[in-house]
Amino acid sequence: MSRRKLALRVNGRDHEVWVTPSDTVLDVLHDDLGLADVRYGCGEGVCGTCTVLLDGSPVNGCLLLAVQAEGHDITTLRGLMSSDGGMHPLQKCFLRHGAAQCGFCTPGMMLTALDLVRAGGRPSREEIRYALVGNLCRCTGYTKILDAVEEYAALDGPDDIQGGAGR
Ligand code: FES
Ligand code: FES
């Protein structure tokens, strides 16, 4: 299959990659750019482990072709961190509540939660639960994740995306 050069902006940094027409955003971020915070789970839009933000909105990286992402801003969990590696407030809430065990689902979970909170208002526990329905976790039983997102949503002016240093 023929390959073409693609310009992608990821976590505030520009990248040039060679892709085939069938390469997904997940393929490129994980395999070509080495971003281990974007994870391959089901590969068919069910588990949410490949979630990234596309122009600020969560998408499944396994369902989006890389060529469709050209000209858009992609943010992964690393893009939430400050340039000196400081954790985003949402990460601190997850840490405080022990909301990650193996951590496989955590990046996607956080990006989806961040989008919910950024949408405004203070989501109820049920609204958080509903927003996260496409992010599966095999470990935590979800309670601690809901606690962490609730705490983050209750912060006074929770910080937005801080980083984008292209780590
Ligand atoms: S790997 Fe994309 S939704 Fe499961
Ligand atoms: S913490 Fe292991 S899958 Fe969620």
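**Exercise 1. Place W18 and list its contacts beyond its sequence neighbours.**

Step 1. W18 lies in strand β2, residues 13-19. Strands here are DSSP runs (E, at least two residues) and helices are H or I runs of at least four, numbered from the N terminus.

Step 2. Set aside the neighbours within four places in sequence; W18 then contacts R3, R4, K5, D23 and D32. Contact means heavy atoms within 4.5 Å.

Step 3. Compare L33: 15 residues from W18 in sequence, and 11 Å away in space, C-alpha to C-alpha.

This is a predicted model, where local features need pLDDT of at least 70, side-chain atom pairs count only at pLDDT 80 or more, and totals for chains, interfaces and linings use all residues. Residues are numbered from 1 along each chain as its sequence is written, chains are lettered from A and ligands numbered from 1 in the order in which they are written, and side-chain values use heavy atoms, leaving out hydrogens and water.

**Exercise 2. Find the salt bridge partner of D73.**

Step 1. Apply the rule: a side-chain nitrogen of Lys or Arg within 4 Å of a carboxyl oxygen of Asp or Glu.

Step 2. The partner is R9, with the closest N and O atoms 3.4 Å apart.

Step 3. Locate both ends. D73 sits in strand β5 (73-75) and R9 in strand β1 (4-10), 64 residues apart.

Step 4. Widen the search: the whole structure has nine salt bridges.

**Exercise 3. Describe the interface of domain 1 and domain 2.**

Step 1. Set the bounds: domain 1 is 4-80 and domain 2 is 89-154. They come from an automatic or database domain assignment.

Step 2. Their C-alpha centres are 21 Å apart.

Step 3. Count contacts: 18 residues of domain 1 meet 15 of domain 2.

Step 4. The buried area is about 1,300 Å², with 66% from carbon and sulfur atoms. Buried area is the accessible area (1.4 Å probe) that two parts lose on being put together, summed over both.

Step 5. On the domain 1 side, R39, L77 and L80 lose the most area, together 37% of what that side buries.

Step 6. Check for salt bridges across this interface: zero.
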